[in-house]
Amino acid sequence: MAVRSRSRSSRANWRDPWRLAGLLALLVLLIFIVYPQLWIVTAAFTSDTGEFTLDRFAAFAADDRFTAPLVHSVVVSLAVAAGAALVAVPLAFVMARYRVPGREAVLTLLTMATTSPPFLGAYAWLLLLGSGGIVTKAAREAGVPLPFDSILGVGGIIWVGVWFTFALIFLMVYDAFRAVDPALEEAALSVGSTPWRAHWKVTLPLAVPAIVTGCYLAGMRIFADFGTPMLIGGGYQMLPVVVYQNFMSEVAASPGVAATASIVMVLVSGLALVAQRRIVARRSFAVTGGREQPLRELRGLSRALTLGGIWTALLLGFVPHLVVVLTSFLRWQSGILQWEPTLDNYRRLFEESLQPIVLSFVFAGIACLLALVTGVVVAYIVARKRFRISGPLLNNLVMVPYILPGTVFAIGFILAFNHLPVILTGTALIIVVAYFIRRLPYVMKSIETALAQVHPSLEEAAMSVGAPPRRSFRDIVVPIIRPAVISGGTVGFLQMITELSATVMLYAVPWVTMTVVIFTNAMQPGSPFGVASAMTTVLLVSVYVPLYLLRRRYNLRSI
């Protein structure tokens with residue numbers, strides 16, 4: 001009887017529609033995540049004659065053309081993370097503890113800043129502080145000395161990176177500071193500690209996991225960023241740019257060098273993730289209190305200095321975008337800004353570059369729908385089902401694209417789908433699939449978090465009165481997780497429409513997107529910067545308007 005019971009249970013288990021959906025999702029992830037990365041590994045460990053070799057890694061380690069950019073990338077990532085934390089942590093503490101005028105506006109602006117793609121900031125700061133930039137040119141004409149001739153170089157990369165990532169760290173640390181039980185600080189004060197010592201010894205340690213995680217995310221964003229060092233790096237080479245340049249120059253012959261550099265990038269990203277998890281695990285604290293942190297009043301000089309610091313940080317974070325919008329309404333002549341108002345940039349944009357706008361929305365829209373369907377399936381299986389093999393595999397595989405730099409991801413796609421049986425390279429489909437897979441983690445994790453808050457007993461109650469599993473999911477679970485689906489889908493869509501690193505390697509004429517138009521115009525001296533500024537403005541509106549509406553509707557803060 002026991003054998004027969006297990007047999008019936010097994011057959012019923014295989015009839016579970018979620019098992020079939022999970023297997024289909026697993027097949028998709030294996031094809032578009034594991035398979036392309038296997039091509040990169042094969043190219044790195046195989047000689048031009050097809051034999052196994054480690055010579056490429058030995059050559060990489062002995063060649064300054066690769067080791068120097070690797071060191072540069074690590075140094076810049078650490079510098080950006082440290083600089084962004086120095087700005088974000090004090091700002092988060094003040095916002096979490098004191099009543100600040102315009103508090104909701106500040107939180108909304110900082111949330112919006114987390115979705116701004118770094119290459120847009122690099123392009124805007126180049127317009128301001130490049131050798132022919134607005135500020136540098138005005139200072140030169142006025143005889144005002146500047147400490148630099150141009151933003152190009154390592155200082156410019158770090159500057160752009162700090163103001164691009166500080167909002168991300170802020171949002172994580174702000175939540176941590178708000179979650180600290182006031183009773184802990186009150187206990188420290190009751191035994192004679194000063195307020196600042198209590199903050200240093202009690203409050204700050206409790207926020208260490210959030211600070212470390214925020215610094216990790218900030219550093220990895222810059223480490224994997226291709227657009228910023230390509231635009232303003234000057235002669236300061238970083239590894240994503242070197243990988244791109246080597247792959248594009250050798251792809252017709254042998255992609256081995258770029259594949260080797262790609263594996264090194266993934267190893268560095270993985271080591272950083274391991275270090276972050278170890279630090280967080282060692283410094284994690286459990287707080288059992290439930291009191292909300294009271295907001296205190298700011299008075300006198302402290303109030304003025306605090307407000308000045310907050311709005312200065314916001315201004316530095318957003319002034320490049322304001323400059324781009326302004327210059328989109330001014331005339332450019334041979335790459336030189338003329339202070340004459342005009343709408344010609346937008347007229348040229350919609351006459352000559354309307355297709356990239358349409359394609360960007362179409363590609364991101366289709367990819368977002370695919371990510372939503374797959375994200376719901378994977379999240380439900382991870383949160384609800386106990387599939388011994390497919391469940392853990394799905395949970396781990398879906399996060400792989402999150403740690404893969406965009407250039408590495410694109411190289412794997414080109415190597416895997418550039419020949420039979422599946423040829424996607426050069427088609428629109430490869431961009432759609434790349435967007436879908438690369439941003440799937442954002443969508444899936446948002447839905448998984450919401451599912452964790454839906455008690456299984458709700459579905460069980462529906463099924464106990466005769467509702468089939470499919471209907472209980474549709475009528476019970478879907479309405480509850482709808483806000484998370486919408487917010488996750490919106491964030492995923494915004495990440496897709498602003499994607500550059502993978503797009504610039506995968507696109508082919510006529511499948512040009514908005515980010516490609518901006519990037520190619522910004523890289524060419526004397527190009528129509530006015531059209532690029534107009535396209536950047538359209539892209540910023542495409543990002544900030546949906547995010548603002550989402551923030552108002554669902555009180556979204558962290559991405």
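1. Lys 445 and Glu 448 both sit in helix α21, three residues apart, which is about one turn of the helix. Their side chains meet in a salt bridge, with N and O 2.8 Å apart. The model is a predicted one, and the distances in this note are to be read with that in mind.

2. How exposed are the two partners in helix α21? Lys 445 is partly exposed, with a relative accessible area of 28%. Glu 448 counts as buried, at 18% relative accessibility. The cut-off for buried is under 20%, so the 18% of Glu 448 falls on the buried side.

3. The structure holds eight salt bridges. The pair of Lys 445 and Glu 448 is one of them. Some others are taken up in the points that follow.

4. Glu 499 and Arg 439 form a salt bridge through their side chains, at 2.5 Å from N to O. Which parts of the chain does this pair tie together? Glu 499 lies in the loop between α23 (469-497) and α24 (503-506), and Arg 439 lies in the loop between α20 (428-438) and α21 (440-451), so the bridge joins parts that are 60 residues apart in sequence.

5. Are Glu 499 and Arg 439 buried or exposed? Glu 499 counts as buried, with 3% relative accessibility. Arg 439 counts as buried too, at 11%.

6. Arg 331 and Glu 340 form another salt bridge, and their closest N and O atoms are 2.9 Å apart. Arg 331 is partly exposed, with a relative accessible area of 27%. Glu 340 is partly exposed as well, with a value of 38%. Partly exposed covers the range between 20% and 50%, so both residues of this pair belong there.

7. Which residues are linked in a network of salt bridges? They are Asp 344, Arg 347 and Glu 351.

8. The surface also has a nonpolar patch of about 480 Å². Phe 350, Leu 354, Val 358, Val 362, Ile 366 and Leu 370 make up this patch.

9. Which helix gives the most to the nonpolar patch? Helix α16, which covers residues 354-384, does so with five residues. Val 358, one of the patch residues, has its place in helix α16. Val 358 counts as partly exposed, at 44% relative accessibility. A patch residue needs over 30% relative accessible area, so the 44% of Val 358 meets that cut-off.

Definitions and conventions: Residues numbered from 1 in each chain as written. Predicted model: local features only at pLDDT ≥ 70, side-chain atom pairs only at ≥ 80, totals over all residues. Heavy atoms only, no water. Salt bridge = Lys/Arg side-chain N within 4 Å of Asp/Glu carboxyl O. Buried < 20%, exposed > 50% of the residue type's maximum accessible area, 1.4 Å probe, protein only. Helix = DSSP H or I, 4+ residues; strand = E, 2+ residues; numbered from the N terminus. Patch = residues over 30% accessible without salt bridge, like charges linked within 9 Å, V, L, I, M, F, W, Y side chains within 5 Å. Areas by Shrake-Rupley, 256 points an atom, 1.4 Å probe, with all protein chains shown as cover.
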